Amino acid sequence: MSRIGRNPITIPAGVSLEVADGVVTVTGPNATMYRNLPEGITLSQEGDVVTVDRSSEETTQKSLHGLTRTLVANMVTGVTTGWTKELEIIGVGYRAATTSPAVLDLALGFSHPVKFNAPEGVTFEVPTPTRVIIKGADKEVVGQVAATIRKIRKPEPYKGKGVRYLGEKVLRKAGKAAK
């Protein structure tokens, strides 16, 4: 058995989980999420505990067992508390602002400001001009939005300027040595 796949998923109060035609539907106070189940993977629910089972001992089934359990657990967390990623902006004149919760305006040293529109279900908060908080119910979408924003101006290794994850360490390189 997969060590991760055999762990049960506890469904908190106010969250419902349904499986129909190979599609898992998780509904909670913040959102409703859907995901297709892989072939050979089934969910069984007893009260407020859900377990993930696989049909065979094939290698692909074993790998999908733990993955499916983690994805369903992430869905349950997403519809209850949601997911967040924090970015920090380093650099003179680099800043962020929001005109609405779904639009992020970035000044990152280009000749023009960069507007970033959030996909459905994702919102932005800017507590300070150098910090951006990305919130949403889907962990994958929140992480992808954070990675896309970081990719606009990656942290460079000489001065460290750019967009980075909160707490990310950037390896610094030595500049040119004087003769």
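Is lysine 135 buried, partly exposed or exposed, and what is its relative accessibility? In this predicted model, lysine 135 has a relative accessibility of 31% and therefore counts as partly exposed. Its salt-bridge partner is glutamate 125, with the closest N and O atoms 3.0 Å apart. Because lysine 135 belongs to strand E12 (residues 131-136) and glutamate 125 to strand E11 (residues 122-128), the pair ties together parts that are 10 residues apart in sequence. Glutamate 125, for its part, is also partly exposed, its relative accessible area being 35%.

A second pairing joins aspartate 105 and lysine 115, whose side chains meet in a salt bridge with an N to O distance of 2.9 Å. This pair links distant parts of the chain, since aspartate 105 sits in strand E9 (residues 103-107) and lysine 115 in strand E10 (residues 114-117), 10 residues apart. Here the two partners fall on opposite sides of the accessibility scale: aspartate 105 is buried, with a relative accessible area of 19%, just as the cut-off for burial is under 20%, whereas lysine 115 is exposed, with a relative accessible area of 58%.

A buried residue and an exposed one also meet in the salt bridge between arginine 54 and glutamate 57, in which N and O are 3.0 Å apart. Arginine 54 is the buried partner, with a relative accessible area of 14%, while glutamate 57 counts as exposed because its relative accessibility is 53%, and the cut-off for exposure is over 50%.

The three pairs described here are among the five salt bridges counted in the model.

Key:
Residues numbered from 1 in each chain as written. Predicted model: local features only at pLDDT ≥ 70, side-chain atom pairs only at ≥ 80, totals over all residues. Heavy atoms only, no water. Salt bridge = Lys/Arg side-chain N within 4 Å of Asp/Glu carboxyl O. Buried < 20%, exposed > 50% of the residue type's maximum accessible area, 1.4 Å probe, protein only. Helix = DSSP H or I, 4+ residues; strand = E, 2+ residues; numbered from the N terminus.
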